[in-house]
Structure formats: structure tokens, C-alpha cells
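Me: I should like to learn how to read the main features of a structure of this kind. Could we work through one together, beginning with its charged pairs?

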Amino acid sequence: MANLKEIRGRITSISSTMQITRAMKMVSAAKLKKAQDAIVMLRPYSEKLQELIQNVNSSSDPDQVSVYAQKREVKRILFIAVTSNRGLAGAFNSSIVKELNQQFQNNSRYEIEVLPVGKKVYDAVRKSRTVYTNGSSVYDNLNFDVVANITEGVMTSFKEGKFDEVYVIYNKFVNAATQEVTTEQLLPISMPETTEPQVETDYIFEPNRAEILDNLIPKSIKTQVFKAILDSVASEHGARMTAMHKATDNAQALKNDLVIFYNKARQAAITNEILEIVSGAEALKNS
């Protein structure tokens, strides 16, 4: 009977776990809709902003290069790694840490610093790498202004020559079940070369091309970082929803196996009791 009591306890425990994982799945599903809408709305703006910069830049004086587009000898690199503050999201956080470690190996000849956005990546690098600043607090009140303030510091460090290249590593949201680990170069900005012939345009720029670029490029960089974080937030909820769905299914399968095992053990115990009663009755008859 002690064995049966232990099995009943495990079944009860698994049932409680299933309730928790099912509730977490439902919460993540609700949050995913809002996060997905946010990133879907931001992407066209970010892409159009990049297109606008390319159009203005293609018609500007090639000698007037923005400070954010100046390439120099690479000695120091900053990686902005974006994870979440919480776990229970499958390989969502570990995939970013794995990609970051791979970047460390690929760029081992350079001085490297990390700007962790998320407690999970901060805990993974704080003892072994130089941390530029801890950006995990952005999730306390996530909005464009908060992200822009952190990005402004990175841009200032780049202008002052503290870093020669800046990259952002994050999970790009594809759908609820799929997230792609993405590494993008943030600074210096790169203008994609196109083989298509440029369309002749006759724009009137006010105030002038240089000033327009000086305003558009910083805004584009801040938007790119904000988009990466929103992508990561949507990916986090999708990954957690999927992980909790799998956890619920696994718990249900384990519970079913335990119920079958419990019924068999209970049946065997009842059979043993019946045999003992019958044996006792036969012994009384013979005596």
C-alpha cells in the first residue's frame, strides 16, 4: 500500500504541474498576440527608413560620409545580445548564448565587450566577459525612448572610437513555433550595393542631404535596436508557449503511464488480498 500511496502522490504532483504549464501556455499565447502586432507594425517602418537612407545617400556627395558609416581598422567590437529575463522558454535563451560564444571564438583576436539585454545572457557573461553595461532593465518599461537612451550611449562610444564595430544578436520572430537566431551589424552602417540601375531623380532637399542623413541615420540605428528587442519579445512568448505546450503533453503522457501502473499495482494488491483470505479460509477448514 505504501507503493500505491507514493504513486498517487506522483499523479497528484504531475496534475498540479500540468495546471501550471497549461496556464503559462495560455498567458504566453495572450501576450504573443500583442507582441506580434507590435513587431509586424514596426518592420515596414524600419525597412522604409532604410530605403529612404539609401536613396538619399546614393544621390549625395561620396566624400561626405556619415560618422556612423566610417569604416576603420577593427580592434574593439561590441556585441548587443538580446535574451529574456525569465526562462522556461526552451532553447530561446541558450541559442543566443551559444551564438555569442561562437562570435567570441570567431573574433578572438579583437577586444570584445558585451551589452546584455536580458538577465539570462547577463548571468552567462558577467563573470567571463567585459560587460559594457547591463541593459536588462529595458523590460521594466519597454518603449522606444528607453531603448533609444541605451542606443545613444553605444553610438557615442562608436563616434569616440571606443568600438570599431557593433553587432546585435537576437531571435528573429518568424511564427509562434519558429525563431531564427540573427546577427546583424549595427555600426558602421552598411549601404547594400545593388546591381540595378539607379533611377534618375530630381529631388529638392531641405535643408540639405547631409543634414537629412545626420537626422535619419541615428533614428534608423535606434529603430534597428528597438526592432531587435521587439522581435526577441515576440519570439520569447512564442518559444515559451511552444515549450509549455510540449511540457503539458509530456506531463499528460507521464500521468497516463502512472495511472496504468497504479491500476495494475492496485489490481495486484487486491488479488493478493483475495488469495490471502481464501488461503486463510482453507486453513481454517483443514484445522
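Reply: Let us begin there, noting that the model is predicted. A search of the whole structure finds eight salt bridges. Three of them can be taken in turn, each with the setting of its residues.

Me: Which residue forms a salt bridge with Lys48, and how far apart are the closest N and O atoms?

Reply: The partner is Glu51, and the closest N and O atoms of the pair are 3.6 Å apart. A salt bridge requires a side-chain nitrogen of Lys or Arg within 4 Å of a carboxyl oxygen of Asp or Glu, so the pair qualifies. Lys48 and Glu51 are three residues apart in helix H1, so about one helical turn separates them. As for its setting, Glu51 is partly exposed, at 36% relative accessibility.

Me: Which residue meets the side chain of Arg126 in a salt bridge?

Reply: Asp123 does, with an N to O distance of 3.6 Å. Arg126 has a relative accessible area of 41% and is partly exposed. Asp123 is partly exposed as well, with a value of 47%.

Me: With which residue does Glu160 form a salt bridge?

Reply: Glu160 pairs with Lys162, the closest N and O atoms being 3.6 Å apart. Here the classes of accessibility need attention: exposed means over 50% relative accessible area, and buried means under 20%. Glu160, at 51% relative accessibility, therefore counts as exposed. Lys162 stands at 47% and therefore counts as partly exposed.

Me: Where is Gly161 placed, and with which residues is Gly161 in contact beyond its neighbours in sequence?

Reply: Gly161 is in the loop between H4 and S4. Its relative accessible area is 22%, which makes Gly161 partly exposed. Leaving aside neighbours within four places in sequence, Gly161 is in contact with Arg72 and Arg76. The second of these shows how sequence and space can be read together: Gly161 and Arg76 are 85 residues apart in sequence, and their C-alpha atoms are 8.9 Å apart in space.

Me: How should the chain be read as a whole, and in what order do its elements run?

Reply: The chain has five helices and five strands. From the N terminus on, the elements run α-β-α-β-α-β-α-β-β-α. Among contacts between residues at least 6 apart in sequence, 77% join residues at least 24 apart. Of the 287 residues of the chain, 37% count as buried.

Me: What is the general idea behind a nonpolar core, and which residues of the largest one touch the most other members?

Reply: In soluble globular proteins, nonpolar side chains tend to be buried together. In this model, the largest nonpolar core has 40 residues, of which Ile80, Val166, Leu187 and Ile221 touch the most other members. At least two residues of this core come from each of helix H1 (2-58), strand S1 (76-82), S2, H4, strand S4 (165-175), strand S5 (178-187) and H5. H5 supplies the largest share, 13 residues. Ile221 offers a worked example: beyond its neighbours within four places in sequence, Ile221 is in contact with Tyr68, Thr151, Met155, Leu186, Leu187 and Ile189. A second, separate core of 14 residues includes Phe79, Ala81, Leu100 and Phe104.

Me: Is Gln103 buried or exposed?

Reply: Gln103 is buried, with a relative accessible area of 14%. Gln103 is found in helix H2 (residues 92-106). Leaving aside neighbours within four places in sequence, Gln103 is in contact with Phe79, Ile112, Ile169 and Thr183.

Me: How is empty space inside a structure found, and what volume does the largest cavity have?

Reply: Rolling a probe the size of a water molecule over the atoms shows where empty space is left. This structure holds one cavity of 30 Å³ or more. The largest cavity has a volume of about 50 Å³.

Me: Which residues line the largest cavity, and which elements do they come from?

Reply: The lining consists of Ile80, Leu115, Val117, Val138, Val147, Ile150, Thr151, Val154, Val225 and Ile229. Strand S2 (111-117), helix H4 (144-159) and helix H5 (209-286) are the elements that give two or more residues to this lining. H4 provides the largest share, four residues. By type, the lining residues divide into nine nonpolar, one polar and no charged.

Conventions
Residues are numbered from 1 along each chain as its sequence is written. This is a predicted model: local features need pLDDT of at least 70, side-chain atom pairs count only at pLDDT 80 or more; totals for chains, interfaces and linings use all residues. Side-chain values use heavy atoms; hydrogens and water are left out. On a 1 Å grid over the protein atoms alone, a cavity is a set of points where a 1.4 Å probe fits but cannot get out, and a pocket is an open set with protein on both sides within 12 Å along at least five of seven lines; lining residues have an atom within 4 Å of a point. Grid points are joined across faces, edges and corners, and a volume is the space filled by probe spheres set on the points. Ala, Val, Leu, Ile, Met, Phe, Trp, Tyr, Cys and Pro count as nonpolar, Asp, Glu, Lys and Arg as charged, and the others, Gly among them, as polar. A nonpolar core is a set of buried Ala, Val, Leu, Ile, Met, Phe, Trp, Tyr and Cys residues joined through side-chain atoms within 4.5 Å. Buried means under 20% relative accessible area, exposed over 50%, partly exposed in between (1.4 Å probe, protein chains only). Contact means heavy atoms within 4.5 Å.
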